[in-house]
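Please find below my notes on the model you asked me to look over. They are set out as numbered points, to be read beside the coordinates.

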2 protein chains.
Amino acid sequence: MGNKKISKKERQRKLTKRLTEDPFLTDEELMDIFGVSIQTIRLDRLELGIPELRERVKQVAELNYSKVRAIKGTEIIGELVDLNLGENGISILATNKDMAFKKTHIIRGHHIFAQAESLAMAVIDADVALTGVANIKYNNPVKAGQKLIAKAQVVRKRGNKYFVHVFIYVEQEQVFRGKFILVSIDE
Amino acid sequence: MGNKKISKKERQRKLTKRLTEDPFLTDEELMDIFGVSIQTIRLDRLELGIPELRERVKQVAELNYSKVRAIKGTEIIGELVDLNLGENGISILATNKDMAFKKTHIIRGHHIFAQAESLAMAVIDADVALTGVANIKYNNPVKAGQKLIAKAQVVRKRGNKYFVHVFIYVEQEQVFRGKFILVSIDE
DNA sequence: CTAACAGTTAGTACTAGGTACTAACTTCTA
DNA sequence: TAGAAGTTAGTACCTAGTACTAACTGTTAG
C-alpha cells in the first residue's frame with residue numbers, strides 16, 4: 001500500500017488513529033500499510049509513546065475483564081458486606097467514570113437502580129425473584145468515584161410477595177430510595 | 001506453595017479452574033502455585049488444550065472488544081428506531097442470555113429499566129438529564145432472546161421537569177411500564 | 001525382585017514480536 | 001556543500017512460549 005510519500009507528522013497522526021481503531025496490528029502489518037521500514041514504525045511508536053502489540057492487547061483485555069464483571073457481576077451489583085436473610089442487608093458500590101455521563105461525571109441512574117434491585121433480591125430468602133413493582137426516587141446526583149452504601153430492609157412478606165425498602169447513601173446523605181415488591185418464583 | 005502432593009487429575013482440574021478465573025497467569029506463576037516444574041504445567045496445558053498466555057489474553061481482548069460496546073453503548077441502551085424530540089421515541093433492545101439469570105433465563109430487571117430510562121432521556125429535548133422519580137411496574141417476565149420494543153411519550157413539561165411515560169412490549173404484550181420524572185440540568 | 005510404565009523434570013533448538021542500540025544511508029535545507 | 005532530519009539496516013537481547021529428546025523417579029504387575 002505504498003502511499004506516494006506522506007510527511008512524518010501525517011504518518012504519525014494516521015498511525016495513532018489506526019492503532020486506536022485496531023490495537024491488534026503488528027509493526028509488520030503497519031510497515032506494509034504505510035510503506036516504510038519496520039524501524040520507522042518502531043521509531044514512530046517510540047516517539048508517540050505507543051506500547052508494543054502485546055502490551056496493547058493486554059491493556060484491552062484487562063480493561064474489559066474488570067468492566068464486564070462490574071456490569072453483569074456474578075449476580076449482585078456492588079459488594080455485599082452484611083446480610084441477614086429475610087431481614088436486611090448492606091452492599092457497597094464503588095462508582096467509576098465508566099458508569100457516568102461523559103460530560104458531567106454524574107452516575108447514570110440504572111447503575112444505582114441495579115445496586116438497589118440486586119440488594120433487594122439478595123436479602124429475600126428465595127431462590128429466584130423478579131421485581132414486580134418498584135417505586136423509586138433519586139434525591140441527589142452521584143458523582144463518579146463516590147462510594148454508594150445501600151441498605152435494604154424487608155418490611156413485609158405476603159405469600160410469595162416481598163416488600164423491600166432500599167436506601168442508598170453517600171457519606172450519610174441519602175441519594176436514592178426505592179420500594180420494591182419482589183415476587184419469588186417456585187419451580 | 002508446595003501443596004504436599006496432589007494427583008495429576010486433581011492438579012489439572014485446579015489448573016483449569018485457576019485459568020478460567022484468571023487467564024493472565026503465566027506458566028512460571030502456575031509452576032509456583034502448584035509446586036511442579038514448568039514442563040509439567042506445559043504438558044498439562046497441552047493435554048487440556050489450554051492455549052498459551054498471549055493467546056488467552058488476546059481471546060479475552062477480542063471477545064470484549066465488541067461486547068462491552070454493546071453493554072454500555074455510547075449512551076443509549078437499545079437501538080433508537082424513531083425519535084421526535086420532546087414528544088416521543090421508540091427503541092429496540094435485543095436481549096441475550098448475558099442479561100438473564102443463569103437458571104431461569106429471565107432478563108434481569110435493571111436491563112429493562114436501563115432501556116426505559118435511557119429512552120426517556122433521549123426523547124426529552126435537553127442536553128443532560130437525571131431521573132428524579134420513577135414509578136415502574138414489571139408486568140411479565142422477559143426471556144432471553146426476546147426483542148423488547150420500548151415506546152416513550154412526553155406527557156408534560158414544567159420548567160426543567162419532564163414527565164415521560166415508557167411502555168415496553170414483547171410482541172404486542174406489555175412487559176413493563178414506567179413513569180419517569182426527568183430533570184434537566186443547565187450548565 | 002525387577003521390568004515396564006506413568007509421571008515428571010531437564011535441556012536444547014526454535015518462534016513471534018518485540019526493545020535497545022549502533023551505524024550507515026538518503027533527503028532536505030540553510 | 002556541510003549538516004541536520006529522517007529513514008533504513010543490522011545486531012544482541014528479551015519474554016513466553018512450542019516442539020522435541022532424554023533422563024530420572026515412583027509405582028505396580030508379573
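1. Which residue takes a positive phi in the hairpin of strand 1 of chain A and strand 2 of chain A? In this predicted model, Gly86(A) does so, with a phi near 80°, and the hairpin has three residues between the strands.

2. The two strands of that hairpin, strand 1 (residues 79–84) and strand 2 (residues 88–94) of chain A, pair in the antiparallel sense over five bridges. Within this pairing, Asp82(A) stands opposite Ile90(A), the latter belonging to strand 2 of chain A. Strand 1 of chain A is hardly covered, since the count of buried residues among its six residues is zero.

3. A positive phi also appears in a residue other than glycine, namely Glu171(A), where the value is near 50°. For background, most residues other than glycine have a negative phi. Glu171(A) sits in the loop that runs between strand 5 (161–170) and strand 6 (173–184) of chain A, and Glu171(A) is classed as exposed because 8 other C-beta atoms lie within 10 Å, where the cut-off for exposed is 12 or fewer.

4. What is the phi of Glu171(B)? It is near 50°, again a positive value in a residue other than glycine. The place of Glu171(B) is the loop between strand 5 (161–170) and strand 6 (173–184) of chain B, and with 8 other C-beta atoms within 10 Å, Glu171(B) is exposed.

5. Turning to the nucleic acid, DNA strand C is surrounded by 13 residues, of which the closest are Thr26(A), Glu52(A), Leu53(A), Val36(B) and Thr40(B), so that list draws on chain A and on chain B. Helix 3 and helix 4 (53–72) of chain A, together with helix 3 of chain B, each supply at least two residues of the surface near this strand, and helix 3 of chain B gives the most, with three residues. By class, the surface near DNA strand C divides into three nonpolar, four polar and six charged residues.

6. How many residues surround DNA strand D? There are 13, and the closest are Val36(A), Thr40(A), Thr26(B), Glu52(B) and Leu53(B). Here helix 3 (38–48) of chain A, along with helix 3 (38–48) and helix 4 (53–72) of chain B, each contribute at least two residues to the surface near DNA strand D, while the largest share, three residues, comes from helix 3 of chain A. The residues of this surface comprise three nonpolar, four polar and six charged.

Terms used
Residues numbered from 1 in each chain as written. Chains lettered and ligands numbered in written order. Predicted model: local features only at pLDDT ≥ 70, side-chain atom pairs only at ≥ 80, totals over all residues. Near = placed C-beta within 6 Å. Helix = DSSP H or I, 4+ residues; strand = E, 2+ residues; numbered from the N terminus. Nonpolar A, V, L, I, M, F, W, Y, C, P; charged D, E, K, R; others polar. Buried ≥ 20, exposed ≤ 12 C-beta atoms within 10 Å, placed from the backbone. Pairing = 2+ DSSP bridges.
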